[in-house]
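Student: I would like a close look at a single part of this structure. Please take one strand and go through what surrounds it.

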Amino acid sequence: MKHGQKNFGFYLIAIVLYIIFFAALFLSLSPRIINNFKEGNYIETYNEYKRIRKDGEYSSQKVAFYSLDGIRIVEENVLVGFRDNDHLIIEALLKGPSEENLKEGLISYIDEDTRLLGLSIENDVCYISLSEDFLSSSNLDLAKRQIEETLKANYGDIRTAIIVNGEII
């Protein structure tokens, strides 16, 4: 028997033992995994996700855009998905004015590539983390005011902290 044939036999046995070990591990853990999956309502959540995507469920949110007369609060529709109402408000704003609102002369100063990275509300302060594209907005002060006015229209008296790249701007 040649030296290469001994190595091949060793590797073959190692691979077979490896497969047997992980098959036994999978078989011993699979009932627990399946049970946790069923008890965690993941199937219902997934089915709800599919229904929302299929039906295209929309939510109407109050957002702030600019007109020649100044800032104006209007209703914008946004696809719900699995986002909570807080996220939907900002997503509706970031989406920009609808065709109908554009025809009425409403505009947004927020850069169209801006994405919402995170949002939380604590102690009457709304912390909004946005992508770096926000810094490319045509007028950063007016863009920030749009966010502030949108939140005030939905929550009343609330302070806003806009975060880009980990820094409050």
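**A strand and its surroundings**

Tutor: This is a predicted model. A good place to start is Leu130: apart from neighbours within four places in sequence, Leu130 is in contact with Leu94, Thr114, Arg115, Leu116, Leu117, Ile147, Ile162, Ile163 and Val164. The strand to follow is β4 (125-130).

Take the pairing with β3 (116-122) to begin with. β3 and β4 run antiparallel and are joined by six bridges. One pair to look up is Glu122, whose bridge partner in β4 is Val125. The two strands form a hairpin with two residues between them, and there Asn123 has a positive phi near 50°.

β4 also pairs with β5 (159-164). Here the sense is parallel, again over six bridges. Cys126, for example, has Thr160 in β5 as its bridge partner. The path from β4 to β5 involves α5 (140-155), and β4, α5 and β5 together make a right-handed β-α-β unit.

Now the nonpolar core. The largest one has 25 residues, and Ile90, Ile128, Leu130, Phe134 and Ile147 touch the most other members. Two or more residues come from each of β1 (58-67), β2 (70-79), α3 (85-95), β3, β4, α5 and β5. α3 contributes the most, with six residues. In soluble globular proteins, nonpolar side chains tend to be buried together. Leu130 thus appears in two lists: it is among the core residues that touch the most other members, and Ile147, another residue of that group, is one of the contacts of Leu130.

Conventions. Residues numbered from 1 in each chain as written. Predicted model: local features only at pLDDT ≥ 70, side-chain atom pairs only at ≥ 80, totals over all residues. Heavy atoms only, no water. Core = buried A, V, L, I, M, F, W, Y, C linked by side-chain atoms within 4.5 Å. Buried < 20%, exposed > 50% of the residue type's maximum accessible area, 1.4 Å probe, protein only. Helix = DSSP H or I, 4+ residues; strand = E, 2+ residues; numbered from the N terminus. Contact = heavy atoms within 4.5 Å. Pairing = 2+ DSSP bridges. Right-handed = clockwise from strand over helix to strand, strands pointing away.
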